[in-house]
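Me: I'm new to this one and would like to learn how to read it. Could you walk me through it?

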Amino acid sequence: MENTVVFPYNEQDFNKTELAPSYRVELRDPTNEKLDKFIKANVVSDWSELNWNKIGKPYIVDKMAVDRLNWEKENKQDMPVKTSWSYFNRSFHEWFVKDVPIELSEKKKTFTKSLSKFKMNDVKVVLSDIVKLNLWNYVHRVQDGIWDPRGKRALFEGLDVKKPRILFLGAAEGYEAMQLAAMYPGAEVVLVDYDIYCKTHRFKEFPSTYPFLGDNPSTGSAKVWYKDEMNIEYEVEDIRNLKYGKEFDIVLSVGLLEHVPDEHKAEILDMHRRFVKQGGYIIMTTPRNQIRSRIYYNIMADVMNHTYRELMDIRQMGLYVYEAGFDIIRHGFIKVHNGIIAQVR
Ligand SMILES: C[S@@+](CC[C@H](N)C(=O)[O-])C[C@H]1O[C@@H](n2cnc3c(N)ncnc32)[C@H](O)[C@@H]1O
């Protein structure tokens, strides 16, 4: 029997939102008109007036995942960067595919059982799991802070591109490129990640039933798009080895710049410049430095902190981008990330 994917939402479902077991379905504000409130945009008026003395440097997250610490103890060396990404991707993906309500209810049963038998170590472990699950439920599933489709649409809207070629550097599951492809139909997307697990699991298992709000080119109105309707190629490669020329209308990265210390930031920014057409757009986002994010990365350290990571504000992010030779076209912050649209100066 043929395995056909049913697309569960269409234009009849506009303005609906509901909680699926692993994520939020978000079909509110399909026309983009009321999206402004999901981004605090253009807070800096003149980038040339900023300097590092004025704004300080990003906050470095120093609590590392136990898996990384154990690996380093066993191997008597720092974990290589690529290995740290492979640990991170496997760990993070496990959380995206969780059926959160079922898992929460199972953990609560285990808690009661362990408590009734006075197994205090098990009680401690399960309590910590429950805290993490509740936090994940709130941040990802209820608030939709990680995918944040309305914030991303507010950041991505109004680009002067038609059927764009989009290159996503360090793509992981590729979410933001899919959101762009929905908004700019006819897009040709190249996702690049050097961790093969991202292609075989994070992208492959990204739900085919997840609805992206975008445009219908034949009517000019809004439309629901799905991953399997998009033109996406996945390349497993180190972004430093890519052979493309300046051939992409949009070069995108999400959560990449903050993973290298200052001495490598220019190199990362150069990767974006290298593949963008003249007049094309660079889109980047990085996690915000806010108290709730610091708490999140502290509680979720074993899930998230296998790699070097900074939290920055939009001025710091913008100054890295500006100093690397880009004009900042739009900047701002959404739920948990800063976002920048830039062009080569
Ligand atoms: C923090 S993730 C991006 C955030 C992503 N949205 C997520 O949900 O995980 C960064 C990705 O970049 C990839 N990456 C890091 N350095 C790379 C390189 N030099 N070449 C290719 N991919 C790289 C990692 O494997 C990882 O999947």
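Reply: Sure. Helices and strands here are DSSP runs, with at least four residues for a helix and at least two for a strand, numbered from the N terminus. Keep in mind that this is a predicted model.

Me: How many helices and strands are in the chain?

Reply: You'll find twelve helices and 14 strands. The chain's radius of gyration is 21 Å, close to the 20 Å that the globule rule gives for 345 residues, so it is as compact as a globular protein of that length. Buried residues account for 37% of those 345.

Me: Let's zoom in on a helix. How does the reach of α3 relate to what is expected at 1.5 Å a residue?

Reply: Multiply 1.5 Å by one less than the number of residues to get the expected span. α3 has 16 residues, and from first C-alpha to last it reaches 23 Å, close to the expected 22 Å.

Me: Which residues of α3 are buried?

Reply: A residue counts as buried if 20 or more other C-beta atoms lie within 10 Å of its own. In α3 that goes for Ser84, Trp85, Phe88, Asn89 and Phe96. They sit on the same side of α3, because they cover an arc of only 135 degrees around the axis. The buried residues pack against α2 (66–75) and α8 (196–203).

Me: And the ligand: which residues come nearest?

Reply: Of the 16 around the ligand, those are Trp85, Gly170, Ala172, Tyr194 and Gly255. By class, the shell has nine nonpolar, three polar and four charged residues. α3 gives the largest share, three residues, and β6 (188–193) supplies at least two.

Terms used
Residues numbered from 1 in each chain as written. Predicted model: local features only at pLDDT ≥ 70, side-chain atom pairs only at ≥ 80, totals over all residues. Near = placed C-beta within 6 Å. Nonpolar A, V, L, I, M, F, W, Y, C, P; charged D, E, K, R; others polar. Buried ≥ 20, exposed ≤ 12 C-beta atoms within 10 Å, placed from the backbone. Arc of directions from axis to C-beta. Contact = placed C-beta atoms within 7 Å. Rg over C-alpha atoms; globule rule 2.2 N^0.38 Å.
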